[in-house]
Amino acid sequence: MRIDFRPLLTLAALAGCAALHAGTVSVVTSFPKELTQAYKTAFEKANPSIKLEILNKSTTAGVAYVREMPAGQRPDVFWASAPDAFEVLVNGKLLEPIAALANPSVPKTVGSYPLNEASGMYLGQALGGYGLMWNTRYLSANKLPAPAEWSDLTKPIYFSHVALSSPSRSGTTHLTVETILQGEGWDKGWSELLQITGNSAAITERSFGVPDGVNNGQFGIGMVIDFFGLAGKYSGFPVEFAYPSVTAMVPANIALIAGAKNAEEARKFIAFSLSKEGQQLLVAPQISRLPVLPPEQLKMPAGFPNAYEVARRTKVKFDADLSATRYNVVSSLFDQTITFRHKELKAATKAIHGAEAALARKPHAEAAALIKRARSLAFTPLVSASMVADKAFLTMFAANKKDAEANKRITGLEGDWSGKALENYNQARSLAEQAEALLK
């Protein structure tokens, strides 16, 4: 008589798998290794029976990963800068309430912005503002002034000296773009973004590529979340960072994922991240993040920004619900008209700068009209403020990936945007070159 051991082996394998997951907290995060390693080391030292597993993904990829995993197999914690990404997870019923884990010493708001989600679905763990970092040696060598406002980056002197990432690749870049759109209004904000990106040297693959490039002198100026600039500065690189007047101070959040494998251990990590010990880790030079605990409760580096003071000075009252509602539209429009058409946008921008410089030396009515038309073609968004306010349009972009009809319409629309952008930029370049020829 033969005994079939396969069921027993299967049970043993399952038991081994469960044992592997027991005491392990899986954290999906877009944060850099310098930050996650510091938390892993400190948390595991304080909790020897628990291991921290870091799953580093961009915010967009992280949201998709959580959505795709079945309940019971999902990671435990979602930890990222973009509040609109957390709203996407809330709307998908993918988070568990954690209000009981909130640190009572943390203020209720930063400026007018709530630090914790109203029903406790996610909690603010650090604070982030959006601004400009620059390499002081690079600017000195190229005889460039330090920028103070986003609008400065539209000036011809900064052509090919600027870098940023894409909102579809980086949650922090998405927040930077949304801050400009909310601070300036949709049409003016997009016009400014098109001019800045037309001036940029590169649209990097990941947000980390921008500060790395500024730190090492590859780029002169980067559009970044504050901790990238501050970490470079306090780590000894020749860089500075400043908040423009159109900025926002919003929480970087932490949440417990619904259907997580190890929810109880995950709650311990969340509580640790909000404790005084966890908050103190944020101000280490290589991390340089702004804590949610007030500065007077921590040991702060000399000259380190006070997030609550910055928030009082900002002009933007950031609306996370608005950002979440048009999240996919903003990302798609940016990619189709900027990321994938950067070469043509940059060429048009260079031609416009050249024609305008010639016009400044020699007034010419016909050339001026050509340049005005070129600017309109290159720097006017293909989606208007009224279109992006249309609920049916937004609903289509928010549709589930399995909705074949919606996907077909979106793909068609994106193709139209890409084609129209190419046509506009090439025409803008041609008109600018015609204008400059008239001025010779």
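**Core, helix packing and two loop residues**

At a relative accessibility of 5%, Thr 36 counts as buried, because residues under 20% relative accessible area are placed in that class. The model described here is a predicted one. Thr 36 lies in helix α2, which spans residues 33-46. Leaving out residues up to four places away in sequence, Thr 36 touches Thr 29, Phe 31, Ile 54 and Trp 79.

Trp 79 leads on to the nonpolar interior. The largest nonpolar core comprises 135 residues, and Trp 79 is among those with the most contacts inside it, together with Val 77, Phe 78, Leu 127, Trp 190, Met 249 and Phe 269. The element that gives the most to this core is α19, with nine residues. Phe 269 illustrates how such a residue is surrounded: apart from its neighbours within four places in sequence, Phe 269 is in contact with Val 27, Tyr 39, Phe 43, Leu 52, Val 77, Trp 79 and Ile 254.

Helix α19 also takes part in a helix pair. Two packed helices are described by the angle between their axes and the distance between the axes. For helix α14 (residues 327-339) and helix α19 (residues 404-438), the axes come within 8 Å and cross at roughly 40°, which makes α14 oblique to α19. The crossing of α14 past α19 is right-handed. On the α14 side the contact is made by Ser 332, Leu 333, Gln 336 and Thr 337, and on the α19 side by Glu 414, Trp 417, Ser 418, Ala 421 and Tyr 425. These contact residues divide into four nonpolar, four polar and one charged.

A second pair consists of helix α7 (residues 186-199) and helix α15 (residues 342-361), which pack at an angle of about 95° with their axes 8 Å apart. The two helices, α7 and α15, are therefore roughly perpendicular to each other. Here Leu 194, Thr 197, Gly 198 and Asn 199 of α7 meet His 342, Leu 345, Lys 346, Thr 349 and His 353 of α15. The residues of this contact comprise two nonpolar, six polar and one charged.

Two lysines in loops complete the tour. Most residues other than glycine have a negative phi. Lys 93, however, has a positive phi near 55°; this residue is found in the loop between α4 (83-91) and β4 (95-96). With 70% relative accessibility, Lys 93 counts as exposed. Lys 143 likewise has a positive phi, of about 55°, although it is not a glycine. Its place is in the loop between α5 (136-141) and β8 (162-165), and Lys 143 is exposed, with a relative accessible area of 75%.

How values were computed: Residues numbered from 1 in each chain as written. Predicted model: local features only at pLDDT ≥ 70, side-chain atom pairs only at ≥ 80, totals over all residues. Heavy atoms only, no water. Axes fitted to C-alpha atoms, helices over the stretch in contact; angles between N-to-C directions. Helix = DSSP H or I, 4+ residues; strand = E, 2+ residues; numbered from the N terminus. Parallel < 35°, antiparallel > 145°, perpendicular 65-115°, else oblique. Left-handed = near helix turned anticlockwise from the far one by under 90°. Contact = heavy atoms within 4.5 Å. Nonpolar A, V, L, I, M, F, W, Y, C, P; charged D, E, K, R; others polar. Core = buried A, V, L, I, M, F, W, Y, C linked by side-chain atoms within 4.5 Å. Buried < 20%, exposed > 50% of the residue type's maximum accessible area, 1.4 Å probe, protein only.
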